Amino acid sequence: KYLDSLYDKQEFRELSYSLERYADLNNVDILWRRARAEWEMINMKGKQKSTPDMQVALDLVDQALAVDDTNSSAHRWKAIISNAYSSSFGLKRQILDLHIMKYHLERAIELDPTDATVLTLLGMWHMELLELSWYERKFATTFLAALPECSYEEALEFFLKAEEISPFSWNRNLYLIAKTYLRLGDRMKSKHYAELALDQPVVTEDDKKVSDEAENFYRNNFVLL
């Protein structure tokens, strides 16, 4: 509980130091938490993320899964970290590795159907593919026969399920519901969820980023000029 309280307070460096005391333990819960702490410290660097740093986090989460591949949190963090790691090599690698992210997200939700964050991430997996530009899609077809099947309807289903399980817990999920409804042509529901996203408290850097995006989205689509 103490270790998780450090995470909740975003004291990631202290959390990493505390977890290193248990480095000799081959324990799945220690290993995925170490991977998570490393990942959060990488995120603190903003755009200065380095591939070697990501490799450290990826190695830790791989060790966790080697110890116990039925741990849903380890699968969740494998999906998150591996996708970022692939992205650091460019669009081609990221697209080629999409199946890795999806596999671990689906395995995580199979092991823990109440994980709202994983449901949001599954919806984001669909959205990221759907919103590739024409050029990016054309580029992808040079090394893939076809992109994986996805739809806004499926993305929305994941986002709404996440909201049902954990209402108003993540402004990003509310904002993504708003974006998806707009893509599906339902402006009234889109506006409603955008307003909900903007009503949420801003605590973390991610909250602030989402709040800014949601504000621009709302201004561009629902404020009369």
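Helices here are DSSP runs of H or I, at least four residues each, numbered from the N terminus. I also note up front that this is a predicted model.

**Entry 1: Met-124**

I looked up Met-124 and found that its place is in helix 8. Buried or exposed? Met-124 comes out at 18% relative accessible area, and the cut-off for buried is under 20%, so Met-124 counts as buried. Next I asked which residues Met-124 is in contact with, leaving aside neighbours within four places in sequence. The list is Phe-159, Arg-172 and Leu-176. I also checked Met-124 against Lys-209, which is 85 residues away along the chain. Their C-alpha atoms are separated by 16 Å.

**Entry 2: the core**

Staying with helix 8, I turned to the largest nonpolar core, which has 68 residues. Trp-39 and Trp-77 have the most contacts inside this core. Which helix gives the core its largest share? That is helix 8 (residues 116-130), with 10 residues. I jotted down the usual background too: in soluble globular proteins, nonpolar side chains tend to be buried together.

**Entry 3: helix 2**

I went through helix 2 (residues 12-20) for buried positions and got Phe-12, Leu-15, Ser-16, Ser-18 and Leu-19. Looking down the axis of helix 2, I see these buried residues within an arc of 165°, so they line one face of the helix. As a reminder to myself, an α-helix has 3.6 residues a turn, so residues three or four places apart point the same way. What covers the buried residues of helix 2? The cover includes helix 1 (2-8) and helix 3 (28-43).

**Entry 4: helices 12 and 13**

I then took the pair formed by helix 12 (residues 187-199) and helix 13 (residues 205-222). They pack at an angle of about 145°, and their axes are 9 Å apart. The crossing of helix 12 and helix 13 is left-handed. On the helix 12 side, I listed Arg-187, Ser-190, Lys-191, Ala-194, Glu-195, Ala-197 and Leu-198 as making the contact. From helix 13 come Ser-211, Ala-214, Glu-215, Phe-217, Tyr-218, Asn-221 and Phe-222. How many of the contact residues are nonpolar, polar and charged? I get seven nonpolar, three polar and four charged.

**Entry 5: Phe-168**

Last stop was Phe-168, which has a positive phi of about 60° although it is not a glycine. Where is Phe-168? I found Phe-168 in the loop between helix 10 (152-165) and helix 11 (171-183). At 48% relative accessibility, Phe-168 goes down as partly exposed, because exposed would need over 50%.

Definitions and conventions: Residues are numbered from 1 along each chain as its sequence is written. This is a predicted model: local features need pLDDT of at least 70, side-chain atom pairs count only at pLDDT 80 or more; totals for chains, interfaces and linings use all residues. Side-chain values use heavy atoms; hydrogens and water are left out. Axes are lines fitted to C-alpha atoms, for helices over the stretch in contact, and angles run from 0 to 180 degrees between N-to-C directions. Helices (H or I, at least four residues) and strands (E, at least two) are DSSP runs, numbered from the N terminus. A crossing is left-handed if the near helix is turned anticlockwise from the far one by less than a right angle, and right-handed if clockwise. Contact means heavy atoms within 4.5 Å. Ala, Val, Leu, Ile, Met, Phe, Trp, Tyr, Cys and Pro count as nonpolar, Asp, Glu, Lys and Arg as charged, and the others, Gly among them, as polar. Buried means under 20% relative accessible area, exposed over 50%, partly exposed in between (1.4 Å probe, protein chains only). The arc is that of the directions from the helix axis to the C-beta atoms. A nonpolar core is a set of buried Ala, Val, Leu, Ile, Met, Phe, Trp, Tyr and Cys residues joined through side-chain atoms within 4.5 Å.
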